[in-house]
Amino acid sequence: MKTRIVGIVLLGMLTLSACSSQNEAISEQNIEDQAAVATSEETDEETQQKMHENQLLYKFIGLAEDTFPEKIQRALYWQDRECSETLMGTVMVPILDENGMQDMNWFCDDICEWMEICLSEIPYDEAPWLYKEIIISMYPSKESFDPSPYISGGYDREALYEGLYSFLDEKLNATDYQVMIPADYEKLVFEDDGSGEGYEDYEAECSYTTADGITYGMIPVDRAAGSSYYVLTAKRDSDGKVVLVNDDPYCGSGGAASWIEFIDDTNLGFSCLTYNGGDDALIYRTADGGRSFTQVNYPSAKVKLADGSIYNPFTIPEKVWKDGEDLYMLVGQSQYSGDYYNEELEKHPSGLYVSHDDGISFEYIGEQ
């Protein structure tokens, strides 16, 4: 009897143990099944979110490509960037061409118009990650601009325009590289190498004559679409000998040569090319007597208009001269469209600029 009771007890314990193990196994399986269901639900949600992000991205791309160059003639490219704000993990960032200081007002207007189109279709709060970067191509470099501070709290066209304008002005006038500036520039020298044959009878549109009788002239040799294209020659007045100094002094640009000047008859010189019917101009610098030129940018005076936009009324460089250790440049307004009037000076002023690095860069001083 005693043995039987123990056997029954043991059998009961074994049965309970087996049931317990089975229940634990079922419980663990239920947990795994529930985790799998939860994981499946999360995956479906993430997939839907990724699909939604992708739809927003391609809507944004479509709006941009309908704007550039369909409505606004400006080159548009795209670059794939990592993005921690999306489940996709990436975003396509637009790259837009900016064509120098003469393009600043148009560029800012174009970007503001494009932002308004995009925000009307895709509000900032719906996809803030679309509005965090614009890559601006300013040859030879590219710069990133973040428009979100001007639209995250409500779109402010005036603030965006001014922020973008100031950003471009700073970048276009930055001197973030080391340039060797000689203590003294050598005097201009006439070297008769026979290269000027055939240019003896050409008439220069603008010229500069040294104290010893060498005349440097911008000679128009071609014309297209209302613009002239030039070569730079040097002519020795004593015997009429001519040499070709530069066969493309304005680096491929056309317009109308306005003036050329060399500082104290040295190799350091400047020349102005007007274009757009005389409404705008570019200034070029040489440090080797005209054998090579580079375009020089100068900062905007940032005059504010009644509509809140800012611009630079001083678009026509008139002269460059040396005073002490510095160079100064006077920049006037277009004789055709320049209408900025200074009430205090009681005239249409010019802008005065100073350079502390021999004309590599300029700082704006004020109106005069």
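**Figure 1. The buried side of helix H2.** In this predicted model, helix H2 tucks quite a list of residues out of reach: Met 104, Phe 107, Cys 108, Asp 110, Ile 111, Cys 112, Trp 114, Met 115, Cys 118 and Leu 119 are buried. If you trace H2 from end to end, you pass through 18 residues. From the first C-alpha to the last, H2 reaches 26 Å, close to the 26 Å expected at 1.5 Å a residue. For the wider setting, the protein chain has 3 helices and 18 strands, and 43% of its 368 residues count as buried.

**Figure 2. Helix H3 and what covers it.** Now move along to H3, which runs from residue 157 to 172 and has 16 residues. Its first and last C-alpha atoms are 22 Å apart, close to the 22 Å expected at 1.5 Å a residue. Which residues of H3 are buried? They are Leu 160, Tyr 161, Gly 163, Leu 164, Tyr 165, Phe 167, Leu 168, Asp 169 and Leu 172. Helix H2 turns up again here, as part of what covers those buried residues. Strands S3, S4 and S14 are also included in that cover. Don't miss the start of H3, where a side-chain oxygen of Asp 156 comes to within 3.2 Å of the backbone nitrogen of Glu 158.

**Figure 3. Inside the second largest pocket.** This pocket has a volume of about 610 Å³. Its lining is made up of 30 residues, and the closest to the centre are Asn 105, Asp 280, Tyr 311, Asn 312 and Thr 315. Which elements give two or more residues to this lining? The answer is H2, H3, S11 and S14, and H2 gives the most, with 4 residues. Sort the lining by class and you get 14 nonpolar, 11 polar and 5 charged residues.

**Figure 4. Thr 286 and its surroundings.** Strand S11, which covers residues 280-286, is where you'll find Thr 286. Is Thr 286 buried or exposed? Its relative accessibility is just 1%, so Thr 286 counts as buried. The side chain of Thr 286 also makes a polar contact, at 2.8 Å, with the side chain of Asp 288. Skip the neighbours within four places in sequence, and Thr 286 is in contact with Phe 262, Asn 267, Leu 268, Gly 269, Arg 291, Ser 292 and Phe 293.

**Figure 5. Asp 80 beside a stretch from further along the chain.** Asp 80 sits in strand S1, which spans residues 76-82. Count along the sequence and Val 91 is 11 residues from Asp 80, yet in space their C-alpha atoms are 5.9 Å apart. Leaving out neighbours within four places in sequence, Asp 80 is in contact with Thr 90, Val 91 and Met 92. What about contacts across the chain as a whole? Among those between residues at least 6 apart in sequence, 51% join residues at least 24 apart.

**Figure 6. Asn 342 in a loop.** Here we look at the loop between strands S16 and S17, where Asn 342 has its place. Loop or not, Asn 342 counts as buried because its relative accessibility is 12%, and the cut-off for buried is under 20%. A polar atom of the Asn 342 side chain lies 2.9 Å from the backbone nitrogen of Leu 345. Not counting residues up to four places away in sequence, Asn 342 touches Lys 347, Pro 349 and Glu 367.

Definitions and conventions. Residues numbered from 1 in each chain as written. Predicted model: local features only at pLDDT ≥ 70, side-chain atom pairs only at ≥ 80, totals over all residues. Heavy atoms only, no water. Buried < 20%, exposed > 50% of the residue type's maximum accessible area, 1.4 Å probe, protein only. Polar contact = N/O pair within 3.5 Å; in protein donor to acceptor, adjacent residues only side chain to side chain. Contact = heavy atoms within 4.5 Å. Expected span 1.5 Å × (residues − 1). 1 Å grid on protein atoms, 1.4 Å probe; cavity = no way out; pocket = protein on both sides within 12 Å on 5 of 7 lines; lining within 4 Å. Points joined across faces, edges and corners; volume = space filled by probe spheres on them. Nonpolar A, V, L, I, M, F, W, Y, C, P; charged D, E, K, R; others polar.
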